[in-house]
Every structure is written in C-alpha cells, then in structure tokens.
Amino acid sequence: MKTLLAILVFFVSISRATISEIANASNTGTSTGPTITHGLTILANDVLIALVHVDIDQRVADNNGGTPFTEDWDVIGGDTNGYAIYSRRAGGGEPASYSWTIGSSARWSIGLRQFRGVITSGSVYDLAPAAPAKSTGISITATVPSITTLTRGALAVAWVVTDGNVITYSAPTNGYAQELEPAANQQQASYTKTIATAGATGTVAITLSASDDWSTQHFALKQAVAAGGAAGIINNPLVFR
C-alpha cells in the first residue's frame, strides 16, 4: 500500500463594488433652517453627502432627529460665510426631507449627493475632510489641494464655495466632472472623480466667473468590498493499494 500526499492550493480574489452617484439634489433659501426636499429613491447603505454653505460667520448644526447626519467638517470660510460637510449611511427608510439649523437668518445652499457602492461599515471615508485638504484665496481660479487616497477605487469629491450669489463655476481640471451647482443664492459647486489606484490625486483648478474670495475642500469615499477573498492549502493524503 502506498500513500501519496496531494496538495491542493486555492485562491479566491477580492472584488470591489464601484462607487457610483445614483442621484443628487439641491436647494437654496434664506432662513435659520436650511432644508432640502430631495425627491431621491434611497436604499439601505446608500451614502448621502450633504454640502451646506451659509452666509455670515456662523456654524451649521444637524436637525434631523432620528435620521441624523454626521458632521465631518464645519468651519468659517475665507469670507463672511461658513460651510459644512455632513455624511449619512442610509437606513431602511429615509425621510423625504433633511434639515439643518444656523444661528442667524441668512442665505444658504445645500448640495446633496447620493452614492452607492461605498463601504457599509465604519467610516464612509477613505480620506475624511481635514485641514490639509482645505485651501482659500482671492482670484478667478480656485485651487483644490491634492489628497492621497489610501485604497483603490476611492471616489474623490472636490468642493468650492464663494460668499455671494453671483459667482458661477466651470472647467474643473484633472478629470473631475459631474458638477452639482445649486441655483444662485449662496454659491457652491462640487465635482467627483474615481481614483483607480491609491495615491496622490493631484490638485484641481476650478474657474470662477469673476475674481472672488473662495474656499475649497477635498475628500474621498471608500469603496465597498463586494465579495470576500481567501487563500489556503489543503493537504489530502491519497491511499493506493
């Protein structure tokens, strides 16, 4: 009787879901309660990014009760304005509108972007909004600083705001597209790009319709893992007689 040891090696690759923007919405107004009735069809685990820009040097606060957003960035801008970034991983049922509060009645705008394929646990960010990714200036071209993504397939979002209701934006560089620019009131625009390989994104230049004070921010969402992967070895003795 002879025994032959058969060694089987197996490997299952890891695949990732592509982050896609399903839809977006925007609203503008003048009040102490920035609000958006979005009209979106939102599924569980969709990620919502709310970009809130307000007039006057004031901060923004979430006012969404049992469906809260996480405040990821809230600062005074380069002029007499404030701007904030909020995120939410959707549950099984979402309200028809979302709202925030500010201390004094002022102009405001909201850009709401809905993404699918973002990681479904922990932070939604590959790189969260932070001071190194912020820039300010006074010119006809706003510059968004480069960021360094940590995982492949991240979705980068470049955001620009100007304090006023007359500036428009165009011609983002470096392959950024999918503009969301609310109607004139408290001006802002955002753009996205899928970053295929982890690493530096490079800067993004955005053209303003006239020279003005501007502030920018740059961040990235983290891609979801669609299927698990594994590798291993099976030792299987075969017996011959």
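This short talk goes through the aromatic pairs of the structure above and then the surroundings of Asp46. Please keep in mind that this is a predicted model, in which local features need pLDDT of at least 70 and side-chain atom pairs count only at pLDDT 80 or more, while totals for chains, interfaces and linings use all residues. Residues are numbered from 1 along each chain as its sequence is written, and side-chain values use heavy atoms, with hydrogens and water left out.

Let me start with the rings. Searching the whole structure gives five aromatic pairs, where rings of Phe, Tyr and Trp (its six-membered ring) pair if their centres lie within 6.5 Å, and planes under 30 degrees apart count as stacked, over 60 as edge-to-face and the rest as tilted. For Tyr125 and Phe219 the ring centres are 5.8 Å apart and the planes stand at 85 degrees, so this pair is edge-to-face. Both Tyr125 and Phe219 are buried, meaning under 20% relative accessible area, with exposed over 50% and partly exposed in between (1.4 Å probe, protein chains only). Elsewhere, Phe69, Tyr86, Tyr98 and Trp100 make up one aromatic cluster.

Now to Asp46. Is Asp46 buried or exposed? Its relative accessibility is 1%, so Asp46 counts as buried. The side chain of Asp46 has a polar contact of 2.8 Å with the side chain of Gln114, a polar contact being a pair of N or O atoms within 3.5 Å; within protein, one must be able to donate a hydrogen and the other to accept it, and residues adjacent in sequence count only if both atoms are side-chain atoms. The Asp46 side chain also reaches the backbone nitrogen of Leu43, at 3.0 Å.

Note on methods. Helix = DSSP H or I, 4+ residues; strand = E, 2+ residues; numbered from the N terminus.
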